[in-house]
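Student: Please show me the structure. Then explain the terms used for it and how each one is decided.

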Amino acid sequence: GPPGGAASAALQGMLSDDIVGRISDIVMKVYGDLMPQEDEMQARQNICNKLQRAIQMQWPSTKLVLFGSSGNNLCTKGSDLDLCLHVPLDVLNPNEGQYRNSRSSARERERQQKKRHKANLDSLLKKLAVLLRNGGMLDVEALTTARVPIVKFKVPDGLETTLDCDLCVNNVLACFNTELLYAYTMLDWRVRPLVHCIKHCAKRF
């Protein structure tokens, strides 16, 4: 049988249909309370699209995508908006070609390359911060010394509330993980309610 099949059968034998039904009702209640409405999800995508158009005016070959809970189908009402800007390396590091014939050791070349990459990334984040600030975003701040450098900002929604956003650059692994979790949610409709309930309980306890 499947892995854990015996343990699953034993657990089912311990729980009556009534208890299973009650647990299911609680999970669905939590899910209903936490799940954002379709218009909120669409608003998140609209923000991403609007920001992408503005960014592509200056960097045409870039692409802005949702990641984290906003991209994996597991966000809750009012949760932060995580954005990743995919920037081609020749755009991020435009002058790397001139260092290819350096006579330094391989280790030194690698160290210098990482140093240039960090400087170029910091410069890009600061330029993005200026662009976002000029575009009407609020509380814009480039955090270039963070473990994952980001631009933090708030998007005004035209009302009295704002949406907190984090924008990073070329966080490829996080985007892959987002796609993987999204695939899980599409395999079985029960994944979303279960994960929402687990996250809710983890925050409370």
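**Terms and values**

Student: Why does Asp-33 count as partly exposed?
Tutor: Asp-33 has a relative accessibility of 41%. Buried means under 20% relative accessible area, exposed over 50%, and partly exposed in between (1.4 Å probe, protein chains only). The value of 41% falls between those limits, so Asp-33 is partly exposed.

Student: What kind of model is this?
Tutor: It is a predicted model, in which local features need pLDDT of at least 70, side-chain atom pairs count only at pLDDT 80 or more, and totals for chains, interfaces and linings use all residues. Residues are numbered from 1 along each chain as its sequence is written, and side-chain values use heavy atoms, with hydrogens and water left out.

Student: What makes the contact of Asp-33 with Lys-29 a salt bridge?
Tutor: The two side chains meet with a nitrogen-to-oxygen distance of 2.7 Å. A salt bridge is a side-chain nitrogen of Lys or Arg within 4 Å of a carboxyl oxygen of Asp or Glu. Asp-33 and Lys-29 fit that rule, so the pair is called a salt bridge. Lys-29 itself counts as exposed, because its relative accessibility is 52%.

Student: How far apart are Asp-33 and Lys-29 along helix H2?
Tutor: Both lie in helix H2 (residues 17-34), 4 residues apart, which is about one turn of the helix. Helices (H or I, at least four residues) and strands (E, at least two) are DSSP runs, numbered from the N terminus.

Student: How many salt bridges does a search of the whole structure find?
Tutor: The search finds 9. One of them is between the side chains of Glu-110 and Lys-114, at 3.5 Å from N to O. That distance is within the limit, so this pair also qualifies. Glu-110 and Lys-114 are 4 residues apart in helix H6 (residues 106-134), which puts about one helical turn between them. Glu-110 is partly exposed at 41%, whereas Lys-114, at 54%, counts as exposed.

Student: What makes Lys-118 and Asp-122 a salt bridge?
Tutor: Their side chains meet at 2.7 Å, N to O, and the distance rule is therefore satisfied. These residues too are 4 apart in helix H6, about one helical turn.

Student: Are Lys-118 and Asp-122 buried or exposed?
Tutor: Lys-118 has 35% relative accessibility and counts as partly exposed. Asp-122 has 15%, which is under the limit for buried, so Asp-122 is called buried.

Student: How many disulfides does a search of the whole structure find?
Tutor: It finds 0 disulfides. Cys-84 is in none, and the nearest cysteine sulfur, in Cys-175, is 3.8 Å away.

Student: Why is there no bond between Cys-175 and Cys-84?
Tutor: A disulfide is a pair of cysteine sulfur atoms within 2.5 Å. The sulfur of Cys-84 is the closest cysteine sulfur to that of Cys-175, but at 3.8 Å it is too far for a bond.

Student: Are Cys-84 and Cys-175 buried or exposed?
Tutor: Cys-84 has 0% relative accessibility, so it counts as buried. Cys-175, at 7%, counts as buried too. Across the 205 residues of the protein, 32% count as buried.

Student: What is the secondary structure of the protein made of?
Tutor: There are 8 helices and 5 strands. From the N terminus on, the order is α-α-α-β-α-β-α-α-β-β-β-α-α.

Student: In what order do the strands of the sheet lie?
Tutor: They form an open sheet of 5 strands, ordered E1-E2-E5-E4-E3, with mixed pairing. Strand E1 (63-67) and strand E3 (138-143) are called edge strands, each pairing on one side only.

Student: How do you know that E2 pairs with E5?
Tutor: Two strands pair if DSSP finds at least two bridges between them. Strand E2 (residues 81-86) and strand E5 (residues 162-169) run parallel and are joined by 5 bridges, so they pair. In one of these bridges, Leu-81 has Cys-165 of E5 as its partner.

Student: How do E1 and E2 run?
Tutor: E1 and E2 run antiparallel, joined by 5 bridges. Phe-67 has Asp-82 of E2 as its bridge partner.

Student: Why is E1 called largely enclosed?
Tutor: Of its 5 residues, 4 are buried, so E1 is largely enclosed by the rest of the structure.
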